[in-house]
Amino acid sequence: MTRMLQWAAVLCIALGVASCGKQGVDAKRIEAAAAGDWLTHGRTYDEQRFSPLDQVNKDTVSRLGVAWWTEFDTDRGQEATPLIADGVLYTTTTWSKVFAFDAATGKALWSYDPEVPGEKGFDACCDVVNRGVALWKGRVYVGALDGRLIALDAKTGKVAWSVQTTDPKQPYTITGAPRAVKGKILIGNGGAEYPVRGYVSAYDAETGKLDWRFHMTPNPTGAPDGAASDKAMKDFAYATWHDGAWKEGGGGATPWDGITYDPKSDLIYIGTGNAGPWNGKIRTGGKGDNLFAASIVALRPDTGDYVWHYQTTPRDDWDFDAVQHLMVADLPIAGKTQRVVMQANKNGFYYVLDAATGKLVSADKFVPVDWAIEVDLKTGRPVEAPGARYEDGSVQTQTPGALGGHNWQPMAFSPKEGLVYIPAQTLYMSYTDPKEFSFIPGAWNLGMGRGADAPKVDKPTPMGELVAWDPVAKKARWKAAFAEPWRSGVLATAGGLVFHAAGHDFLAFDAATGKALWKYDVGAGAIAAASTYAIDGQQYVALMVGFGGAGGMGGEEPRRKGRLLVFKLDGKVTPKPFPEPVAQPPLDLAAATPSKGSVARGQALSAQFCGTCHNAGGYLPVLTRSPVILDPVGFKAIVLDGAKKPHGMAPFRRFFDEASAEDLRAYLLAEARKPAPPAKARMTHGT
Ligand code: CA
């Protein structure tokens, strides 16, 4: 500790000054980015997820082993990137819990549980996940699933302040990591499948006071909100919406993940979610571009003032959220160095935009893309494939579908190789217009027809690919193929390595060639991105393990407790094996109380309210194997009155009555009597 800091500490104790002890992480430290640190979600403000550490490299990676590990008290999807500052590792788990460890030894320092009500799980389209914290001046910031933004003391985990950033009566969620920029904490929200009206907020890091808010869709009444977005809405965004169901739901466009700050441009870039309901004919009469849904929006961090936007999918019809990882880089383009912001979008195009103006530099397919032929570089708009919009009642089967060619799993960039490593996937999905639609407040409102979920089975491309994309040459230099579409985020290092997890394997690839150099069986699926750091000259690699998220809800991985594994060279620790998963045994249907409910009505209810979470093969209980369907009284206690609220099962009395519950039970009993299907359906919904 320097003499000045020692004096500051003495003064703090003597005077009890509120701002003391907060030297911690600040803009200078994030921008200077010491090699051993990982101070913000993407390590540095540019979010390249590239570490200059090279102790673990092509020659030494074979010696990589576990230094320490821990198991958490929650299962399902673990999506957080661990941050490391001043020898402490901070991470989050499902249900927005925060944990601090001694980063070298793994000693638990403190933990914080925001006690999110279990029934809030119903409002989370795609698992009760959390992607991590922000650090700023002695505090740790987390967005809780129920819409709170919470500031914790970095040393103790004690709550400094907590604010509700959303209307708790609406199905908003927070799953993304906050970002700390210029003394403000930026936070978005999710919920575009219900939908809600998305926005990003900036809170004073010190006090928790709201500094500004920018809405991503207009107020359906056309009235101003008293928000930073008012001028853009009035000037041009409101005119891109027309009559339709968006007026009931708010239009979606929720910024639930990508938020990136560029100190050089002094802009923040925000990726916005799909337009809601998904079906543009229902949403807005099939008219207009629907700004700022499915867009990248650039704002001034001080005021929230609009600067530019680029809409990746005008009048989105396919759940093409544009929230994916936004990365800033200096690229050699047309003989000059150009500062750009880049995104591997759900819609299958890799976008390169000028960071200052938002002008499109390039947009190229990094996976097979059926919905559009190309992006017109003059207009910046996609040239849509004939029939891609299913508004005439046809069935559109295409890739990417709602899970995207690339989802939230962060990509990484190696400036040494000039390559971006994209965790890509190719998954077909079918879309149809329903014959009728009525908006149900608080429920999924996609506007999708039924009976169209028959994706193509002949796949010319592997379902999973790690694509090493050259953003200047606009093509892949190498690809690694995987059986699994839904895999982890990516980490790139100066050791010439790219870290990525697929199935149960944590892998290191040669960043230049894609050759697999190292593999470690973590015992479960990992979807988060690894981070790396150094303490006392020792490099560590940290990975959250736990399968889930949108892809996990329809996947085949059992529920297992989340884990954090930290690796170093010559690490010799062996984590204990996970317990063998226990399958739900078939029911004794002779013990069932017979039901006189309508199987047909029950099937419709199941599709609307149950199937997203309880699909066969997912990790939530298979209802046709659940003893609760044998007994009408116990069934109603859970389904209507919330007897299993703490487990995430919300009470559904707000949606239907006792007769409907019995219809649902009748359908589930009828399904339980059928022989088990031979193959598991895979992932037909997105985030
Ligand atoms: Ca979505």
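Here's a quick briefing on how the two domains of this chain meet and on its aromatic residues. Keep in mind that this is a predicted model. The domain assignment splits the chain into domain 1, residues 50-569, and domain 2, residues 589-672. The search for aromatic pairs covers the whole structure and turns up 42 of them.

**How the domains meet**

- Measured out over C-alpha atoms, the centres of domain 1 and domain 2 sit 32 Å apart.
- On the contact itself, domain 1 brings 26 residues and domain 2 brings 21 residues.
- About 1,700 Å² of area is buried between domain 1 and domain 2, and carbon and sulfur atoms supply 59% of that.

**What the interface is made of**

- You'll find zero salt bridges by the rule across the interface of domain 1 and domain 2.
- Polar contacts do turn up there: two residue pairs, both at pLDDT 80 or more.
- On the side of domain 1 that touches domain 2, the residues break down into ten nonpolar, nine polar and seven charged.

**Aromatic residues**

- Among the 42 aromatic pairs is the one between Phe 652 and Phe 656, with ring centres 6.0 Å apart and planes at 80°.
- That pair counts as edge-to-face because the angle of 80° is over the cut-off of 60 degrees.
- Both partners are buried, because Phe 652 has a relative accessible area of 3% and Phe 656 has 7%, each under the 20% cut-off.
- Elsewhere, one aromatic cluster brings together Tyr 310, Trp 318, Phe 320, Phe 349, Tyr 351 and Trp 371.

Terms used. Residues are numbered from 1 along each chain as its sequence is written. This is a predicted model: local features need pLDDT of at least 70, side-chain atom pairs count only at pLDDT 80 or more; totals for chains, interfaces and linings use all residues. Side-chain values use heavy atoms; hydrogens and water are left out. Domain bounds come from an automatic or database domain assignment. Contact means heavy atoms within 4.5 Å. Buried area is the accessible area (1.4 Å probe) that two parts lose on being put together, summed over both. A salt bridge is a side-chain nitrogen of Lys or Arg within 4 Å of a carboxyl oxygen of Asp or Glu. A polar contact is a pair of N or O atoms within 3.5 Å; within protein, one must be able to donate a hydrogen and the other to accept it, and residues adjacent in sequence count only if both atoms are side-chain atoms. Ala, Val, Leu, Ile, Met, Phe, Trp, Tyr, Cys and Pro count as nonpolar, Asp, Glu, Lys and Arg as charged, and the others, Gly among them, as polar. Rings of Phe, Tyr and Trp (its six-membered ring) pair if their centres lie within 6.5 Å; planes under 30 degrees apart count as stacked, over 60 as edge-to-face and the rest as tilted. Buried means under 20% relative accessible area, exposed over 50%, partly exposed in between (1.4 Å probe, protein chains only).
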